[in-house]
Amino acid sequence: MILTVTMNPSIDIAYRLSAFIPDTVSRAEETHKTPGGKGLNVTRVLSAAGEEVKATGLIGGKNGEFLKEQLALAQIPASFYPVSGDTRNCIAIMHKGKQTEILEAGPAVSAEEYRGFTEHFRLLLENCSAAVISGSLPPGIPTDCYARLTAIACKAGIPVILDCSGESLKTALEAEDKPIAIKPNIDELCALLQKEIPKETEALKEALSSGIFEGIAWIIVSLGADGCFAKHNDTFYLVHIPKIRAVSPVGSGDAAVAGIASGIVHGLKDEDLLKKANTFGMLNAMEKQTGTVNMKNYDMLYRQITVTKV
Ligand SMILES: Nc1ncnc2c1ncn2[C@@H]1O[C@H](COP(=O)(O)OP(=O)(O)OP(=O)(O)O)[C@@H](O)[C@H]1O
Ligand SMILES: [Mg+2]
């Protein structure tokens, strides 16, 4: 079973408006409320692909109850740890092809709740073959949270796939116990190395050879519609993907992470793991809803991907 961690889940509220004009009243033509958070996107994709998966993280208040109900309706197994604050809302306003987002920070989590979660996480790992940790942290959770969760998983012999950015990524990379895989996109890679990196083989090879990545077996840099560039131990790969009609690429990185986790759990060969990750990413980009894949198109896309050692 794959365990996914979403420390700061949300109820994603999407409003569709014909026009969005500040300082006036806007009436929504359409409203959707769905469970959100990067780890939950990974969970949905793994579940759609037939993987055994369980979602964990922190949840609280009436919003937390709603989220749990929605996950149960979607038949997604979950074991969230309760906190006293209310799970956040994230609002996306769609207007004339544009999207304006308002993201709440999330509930303030106490030191005791955090300690309680780490113990909950340790117990859940007992039946797992991998852990996927994604997304941002709510207020009150220290920046080294993902480094700490990775250390707990490593002690239990469970590989960790980590998809986060900024300080929490940097701290996790510097820690003694390493994730087996990370999946920064090109912007996150540039931010981490504090320099511009062109999307070309030699520059990417040099970037992924940086000492900061020492001990990380898989570094997979996703390049949106351009596929990805990867390093597994000492081998570099360029992955070329076909042109598709993308509807909404939001969450494609999360779908790719689901593919990486599945590939690691099933011990896939490098080429197959990379093809699976990119196929999931593309399948998500072809759907309107974030963290959704239509597996009927899987083989058709998979066959068109080429992986080259560079
Ligand atoms: N427009 C697109 N067309 C085709 N494939 C795409 C497109 N966008 C994303 N993908 C696929 O999904 C993978 C991950 O996408 P991307 O690089 O956008 O991740 P990301 O920036 O981490 O996304 P997010 O954080 O929103 O989940 C890519 O490597 C590619 O395989
Ligand atoms: Mg991403």
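Here are some quick questions and replies on how the labels in this predicted model are earned.

Residues are numbered from 1 along each chain as its sequence is written, and chains are lettered from A, with ligands numbered from 1, in the order in which they are written. Since the model is predicted, local features need pLDDT of at least 70 and side-chain atom pairs count only at pLDDT 80 or more, while totals for chains, interfaces and linings use all residues.

Me: Why is Gly50 called exposed?
Reply: Exposed takes 12 or fewer other C-beta atoms within 10 Å, buried takes 20 or more, partly exposed lies in between, and C-beta atoms are placed from the backbone. Gly50 has 9, so exposed it is.

Me: What makes the buried residues of H5 sit on the same side?
Reply: In helix H5 (residues 166–174; a DSSP run of H or I, at least four residues), Ser168, Leu169, Ala172 and Leu173 are buried. They cover an arc of only 135 degrees around the axis, taking directions from the helix axis to the C-beta atoms, so they share a side of H5. The face turned away carries the exposed Glu167 and Glu174.

Me: What makes S3 and S7 the edges of their sheet?
Reply: The open sheet runs S3-S2-S6-S7, with mixed pairing; strands are DSSP runs of E, at least two residues, and two of them pair if DSSP finds at least two bridges between them. S3 (30–36) and S7 (98–103) each have a single partner strand, so one side of each lacks a neighbour in the sheet.

Me: How do you know that S6 and S7 pair?
Reply: They have six bridges, in the antiparallel sense, and at least two are needed. Cys90 has Leu103 in S7 as its bridge partner.
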